[in-house]
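Trainee: I have a model open and want to learn how to read it. Where do we start?
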Amino acid sequence: MFQSNPRVPRGLIAALCLALCPMWLQAAAPVLKALEPRGAQRGQALRVTLVGDFLQAGAEITTSLPGAFSRLAASPEKGESEIPLLLQLKEDAAPGLYPVRVRTEDGLSNVLLFSIGTFPETVEAESLLKEKERIEKLTNDTPSAAEKLAVPVTVNGTLVGPDQDYYRFTAKAGERLVFEVDARRAGSAVDPVVHVTTTAGKELAANNDAPGAGVDARAEVTFAQAGEYLVLVHDAKYSDQDQNFYRLKIGSYPYAEFMFPLGGQRGKAVDVSLTGGSLAAPVVVKTALPSDKQASYLPINVPGSSSLPFLFRVGDLPELLEPQQASPEAGLRSTRAGKAPSEKKSAEPAGPVDLPASTVMNGRISRPGEVDRYRVPVTPGQQWA
């Protein structure tokens with residue numbers, strides 16, 4: 001209850017009320033909490049639902065997704081909490097993550113990421129169950145209850161606290177398969193771990209944090225014998241998160257673990273070298289960087305890869321390569337499966353390298369004990385970052 005204070009003039013109370021009322025009546029900017037599903041196979045048409053708050057009927061969808069959105073009739077009881085859409089993805093859409101936002105008269109929402117893949121997609125059966133049904137019904141939490149998959153495939157699943165998800169699949173003798181889990185890179189709070197085992201429980205491969213994939217996981221197996229195998233996905237800390245989704249990709253495709261250089265100047269042409277992973281030799285991607293001032297990153301990937309692309313930084317400053325890295329003979333030769341790269345000797349500069357002001361230097365620490373030194377011209381009173 002608002003009570004008058006006899007010591008406070010009534011005119012001041014009225015003025016305070018008039019000042020506060022516009023704040024009470026002010027509408028809030030839209031907020032996105034979920035995107036269902038979090039991804040799809042390119043070329044597909046599917047229903048997509050944006051879930052959140054203050055999603056007005058006339059809200060505008062802002063995205064770089066290579067496809068077309070059509071508005072569907074919203075459920076009256078959902079009010080401003082959902083926007084149902086029909087999404088038609090292009091057949092030639094590049095695999096990767098694409099931002100989705102909502103704009104209303106009251107502002108712009110936060111970003112959620114939608115993933116486009118190359119494999120047929122399925123949804124983990126357990127993630128479709130309600131909490132009570134998970135307790136009463138069988139789930140895929142044990143090897144005996146593993147969900148059957150046909151590879152290649154992308155599984156859209158969730159991990160709730162101590163949850164662990166088993167999947168069963170068939171492999172041919174000599175078949176090479178990559179098991180990649182996209183989670184943190186796609187906006188999930190899950191820190192995924194992947195294990196590949198025989199049905200008898202013998203572990204063939206496991207990974208927590210894959211080189212080049214942040215805290216996401218990736219394992220690769222070439223199967224000696226034909227038969228059924230298991231893949232297990234769980235959170236590294238078995239934590240309980242609101243954003244608990246993951247995308248498990250199983251298929252045969254090339255992938256890299258390292259990219260060099262890491263960025264380039266806007267509007268320039270750059271040769272980007274991808275190494276490591278499944279690549280026996282470096283793959284060079286010739287890249288024309290956009291001149292658009294709005295572009296901060298450019299996705300770079302191995303041709304034919306189903307892995308998420310690297311994000312190549314696009315900046316405004318001139319960019320240089322560390323002198324010993326500028327030679328075609330210099331660089332890393334990385335071994336497969338993320339093992340330590342072999343050393344390749346190259347002549348070190350005679351002394352520190354001159355580094356002009358307002359310049360980006362792309363370098364690498366490519367040998368144990370290597371130290372890179374640069375010399376900058378400064379004058380008294382200057383401030384450098």
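Mentor: With surface. Accessible area comes from the Shrake-Rupley method with a 1.4 Å probe. Keep in mind that this is a predicted model. Here the protein exposes about 21,200 Å², and carbon and sulfur atoms supply 56% of that area.

Trainee: How many of the residues count as buried?
Mentor: A residue is buried under 20% relative accessible area. Of the 385 residues in the protein, 41% fall in that class.

Trainee: What does the secondary structure come to?
Mentor: The protein has 3 helices and 29 strands. As for contacts with a separation of 6 or more, 64% join residues 24 or more positions apart.

Trainee: Take one sheet. How do I read it?
Mentor: Start with the general idea. Strands of a sheet pair through backbone hydrogen bonds, either parallel or antiparallel. Now the case. One open sheet has 5 strands, in the order 10-12-19-14-17, and its pairing is mixed.

Trainee: Which strands stand at the edges?
Mentor: Strand 10 (121-123) and strand 17 (217-222) do. Each has a single partner strand, so one side of each lacks a neighbour in the sheet. On average, neighbouring strands of this sheet are turned by 15° against each other, direction ignored.

Trainee: In which sense do strand 10 and strand 12 pair?
Mentor: Parallel, over 3 bridges; strand 12 covers residues 153-158. For one bridge, look at valine 123: its partner in strand 12 is asparagine 156.

Trainee: Now the peptide bonds. Where are cis bonds found in this model?
Mentor: Read omega. One cis bond joins glutamate 36 and proline 37, with omega about -5°. Proline 37 sits in the loop between strand 1 (31-36) and strand 2 (39-41). Another cis bond joins valine 151 and proline 152, with omega about 0°. Proline 152 is in the loop between strand 11 (147-148) and strand 12.

Trainee: And phi? Which residues other than glycine have a positive value?
Mentor: Phenylalanine 54 is one of them, with phi near 60°. Tyrosine 238 is another, with phi of about 50°.

Trainee: Where does each of them lie?
Mentor: In loops. Phenylalanine 54 is between strand 3 (45-53) and strand 4 (60-63). Tyrosine 238 is between strand 18 (227-235) and strand 19 (245-251).

Trainee: Why does phenylalanine 54 count as partly exposed?
Mentor: The class between buried and exposed runs from 20% to 50% relative accessible area. Phenylalanine 54 has 39% relative accessibility, so it counts as partly exposed. Tyrosine 238 is partly exposed too, because its relative accessible area is 36%.

Note on methods: Residues numbered from 1 in each chain as written. Predicted model: local features only at pLDDT ≥ 70, side-chain atom pairs only at ≥ 80, totals over all residues. Heavy atoms only, no water. Pairing = 2+ DSSP bridges. Helix = DSSP H or I, 4+ residues; strand = E, 2+ residues; numbered from the N terminus. Axes fitted to C-alpha atoms, helices over the stretch in contact; angles between N-to-C directions. Buried < 20%, exposed > 50% of the residue type's maximum accessible area, 1.4 Å probe, protein only. Contact = heavy atoms within 4.5 Å.
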